[in-house]
Amino acid sequence: MSQIKQLCIIVGFKKAKKGDVIYFSSSDVPRIFLLKKGNIKIVSVDDEGNETIKEILQKGDLFGELSLEKDTDVNEYAKALTDEVSICSFLMSDFEDLLVKNPTLALSYTKFVGLKMKRIKNNYANLVSKDAKTRLISFLKEWAEKEGKQEGSKYTIDNYLTQTDIAQIICTSRQTATLLLNELEEKNLIYYNRKEIIIDHIDKL
């Protein structure tokens, strides 16, 4: 991470506000980005213009041309989900030079990409084998454990996602996501509003 930060220092930082588009995969110059602060979403766009959230990223995550190859068939972008988003970017060619000079970094990066691919594979498996309610509960638990403020079995999540965002993440319609969130709230399993989500007993969710 310290070596990556050195690359960031060379090119400087960029700041964004909620709703700003940060990165396009169609950029002529392949770049890799490091999220320094805030949260962003990676959105893919198909040939018909339909958008799907591929991933929600947190501080310290890398994104961009992570395969180290320019893929002209992929159309995706990153959008800021929270205020005060800060990122740095560097040329893919500079990062490749760094990997050549630092075998340990190259090994770590290989493991990082492998874990990322495993997570995508697990998400696909969940989409195929689990219903929308189960996917929603799994997502809420994972979100709570990653970013929630814990007090015993209680978790409080700062909610920076819209219901449409949540629907795209679990691959269902906004109406279905709303119905499922309301159902969980009626059963007192969660308390949901636009600013926060509270899970009193995560083991009962």
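## Close-up views of helix α6 and its surroundings

**View 1. The cover over helix α6.** In this predicted model, the elements that cover the buried residues of α6 include α4 (132-147), α5 (163-169) and β11 (191-192). The residues of α6 that are buried, and that this cover concerns, are A177, T178, L180, L181 and L184. Because these residues take up an arc of only 165° around the axis, they lie on the same side of α6. An α-helix has 3.6 residues a turn, so residues three or four places apart point the same way. On the other side of α6, the exposed residues are Q175, L179 and E186.

**View 2. The length of α6 and the residue that follows.** Helix α6 runs over residues 174-186, and since its 13 residues should span 18 Å at 1.5 Å a residue, the 18 Å between its end C-alpha atoms agrees with that expectation. Just after α6 comes N188, whose phi is positive, at about 60°.

**View 3. Helix α4, one of the elements over α6.** Among the elements that cover the buried residues of α6 is α4 (132-147), a helix of 16 residues whose first and last C-alpha atoms are 22 Å apart, close to the 22 Å expected at 1.5 Å a residue. The buried residues of α4 are A132, R135, L136, I137, F139, L140, W143 and A144, a list in which the arginine R135 appears beside residues such as L136, F139 and W143.

**View 4. The lysine K41 in strand β4.** K41 is found in β4, the strand formed by residues 40-45. Its relative accessibility is 11%, and because buried means under 20%, K41 counts as buried. The side chain of K41 makes a polar contact with the side chain of D165, at 2.8 Å. Leaving aside residues up to four places away in sequence, K41 touches I53, E55, I56, Y77, A78, K79, L81 and D165, so that D165 is named both among the residues touched and as the polar partner.

**View 5. The whole protein, for context.** The secondary structure of the protein comes to six helices and 12 strands, and of its 205 residues 39% are buried. Among contacts with a separation of 6 or more, 73% are between residues 24 or more positions apart. The accessible surface comes to about 12100 Å², with 51% of that area belonging to carbon and sulfur atoms.

Technical notes: Residues are numbered from 1 along each chain as its sequence is written. This is a predicted model: local features need pLDDT of at least 70, side-chain atom pairs count only at pLDDT 80 or more; totals for chains, interfaces and linings use all residues. Side-chain values use heavy atoms; hydrogens and water are left out. Helices (H or I, at least four residues) and strands (E, at least two) are DSSP runs, numbered from the N terminus. The expected span of a helix is 1.5 Å times one less than its number of residues. Buried means under 20% relative accessible area, exposed over 50%, partly exposed in between (1.4 Å probe, protein chains only). The arc is that of the directions from the helix axis to the C-beta atoms. Contact means heavy atoms within 4.5 Å. Accessible areas come from the Shrake-Rupley method with a 1.4 Å probe; for residues, only the protein chains shown count as cover. A polar contact is a pair of N or O atoms within 3.5 Å; within protein, one must be able to donate a hydrogen and the other to accept it, and residues adjacent in sequence count only if both atoms are side-chain atoms.
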